[in-house]
Amino acid sequence: MSYKVGYLGPAATFTHLAVTKFFEDHAEHVPFLTIPQCMDAAADGKIDLAVVPLENALEGSVNLTIDYLVHEQPLSIIGEIVAPIQQHLMVHPSREDSWEDAERVYSHSHAIAQCHKFLHHQLPKAKYEYATSTGAAAKYIQEHPEENIAVVANELAAEEYNLKIVRKNIHDYTHNHTRFAVLHPNQHTYIKTKLNKITDRTTLMITLPSDQSGALHQVLSAFSWRKLNLSKIESRPMKTGLGNYFFIIDIDMKMDDVLIPGAMAELEALGCSVRTLGTYSAYSI
Ligand SMILES: O=C(O)C(=O)Cc1ccccc1
């Protein structure tokens with residue numbers, strides 16, 4: 001079967017690279033300019049699957065993806081792709097010899113954050129400007145050679161948009177990986193890949209009862225006495241007022257019939273609300 005797979009585009013973003021490796025050639029790739037547009041298309045059935053960035057090892061969660069999943073478009077995470085990320089500095093070919101004079105650095109906010117030390121030292125006077133993706137920034141300078149901008153993006157983007165890489169591997173730390181989520185309206189959807197599976201995961205969203213002392217401790221104990229291994233816990237604002245947060249928790253196993261449902265029932269009995277954002281396998285590139 002051939003899937004129609006939407007991704008955070010345009011061509012040659014990191015998300016696109018992840019899609020290419022995950023689906024090989026049994027998928028039609030459909031670029032979207034923003035994460036919400038891509039997720040809306042999956043919810044409306046215009047594409048079969050959406051692939052969007054979820055979390056970066058250096059910069060943390062992609063809040064736009066998590067917030068849109070939680071507040072706007074309740075798709076399920078049905079798979080995860082973990083990809084190494086190498087950032088390069090590139091310019092329009094006409095500026096190859098004068099890249100150090102760049103007035104602006106343009107890229108996705110996570111890409112700029114991953115290269116802060118490099119940019120701080122090598123382009124101290126440049127202003128940062130944020131694009132919807134690294135690919136969008138690369139495409140922009142191809143189309144606007146008159147603007148004195150350097151872009152942070154990957155090797156494929158330099159090829160795709162005919163740019164010159166002037167500094168390679170400018171990310172500040174070597175262990176730069178990103179998790180991409182494969183999203184579908186229905187949790188019970190199976191996808192096939194030849195990539196190596198690294199782990200199974202279940203992602204839950206948990207809202208604590210308000211003003212109850214020790215609530216987070218009780219939540220964690222529901223997982224700990226069942227020996228459920230958590231690989232992530234993070235809080236995000238509910239957007240309902242200062243001090244109101246929900247938690248995103250990753251458990252390192254697939255939904256089962258006993259342990260995770262038992263923990264969820266215990267949390268609900270404590271007055272928490274619990275939503276399963278997905279139960280899936282994670283694969284590495
Ligand atoms: O902008 C891109 O290319 C993306 O796919 C998002 C992203 C940005 C920075 C690191 C990893 C993924």
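**The ligand site between two domains**

Domain 1, spanning 1-84 + 175-194, and domain 2, spanning 87-165, both contribute residues to the shell around the ligand, so the ligand lies between them. I should state at the outset that this is a predicted model.

Let me begin with the surroundings. The ligand has 14 residues around it. The closest of these are Thr-13, Phe-14, Thr-15, Ser-133 and Thr-134.

As to the character of the shell, nine of its residues are polar and five are nonpolar. Charged residues are absent from it.

Turning to secondary structure, two helices, H1 (14-23) and H4 (109-114), each provide at least two residues of this shell. Which element gives the largest share of the shell? That is H4, with three residues.

I now come to the individual polar contacts. At Phe-14, a polar atom of the backbone is 2.8 Å from an oxygen atom of the ligand. For Thr-15, the contact involves the side chain: one of its N or O atoms is 2.5 Å from a ligand oxygen. Thr-134 likewise uses its side chain, where a polar atom lies 2.5 Å from an oxygen atom of the ligand. How much of the ligand's exposed area does the protein bury? Taken alone, the ligand exposes 320 Å², and the protein buries 99% of that.

Finally, the cavities. The largest cavity is the space that the ligand takes.

To summarise, the ligand lies between domain 1 and domain 2, in a shell without charged residues, and 99% of the area it exposes when taken alone is buried by the protein.

Terms used
Residues are numbered from 1 along each chain as its sequence is written. This is a predicted model: local features need pLDDT of at least 70, side-chain atom pairs count only at pLDDT 80 or more; totals for chains, interfaces and linings use all residues. Side-chain values use heavy atoms; hydrogens and water are left out. A residue is near a molecule or strand if one of its heavy atoms lies within 4 Å of it. A polar contact is a pair of N or O atoms within 3.5 Å; within protein, one must be able to donate a hydrogen and the other to accept it, and residues adjacent in sequence count only if both atoms are side-chain atoms. Accessible areas come from the Shrake-Rupley method with a 1.4 Å probe; for residues, only the protein chains shown count as cover. On a 1 Å grid over the protein atoms alone, a cavity is a set of points where a 1.4 Å probe fits but cannot get out, and a pocket is an open set with protein on both sides within 12 Å along at least five of seven lines; lining residues have an atom within 4 Å of a point. A molecule sits in a cavity or pocket if more than half of its atoms lie within 2 Å of its grid points. Helices (H or I, at least four residues) and strands (E, at least two) are DSSP runs, numbered from the N terminus. Ala, Val, Leu, Ile, Met, Phe, Trp, Tyr, Cys and Pro count as nonpolar, Asp, Glu, Lys and Arg as charged, and the others, Gly among them, as polar. Domain bounds come from an automatic or database domain assignment.
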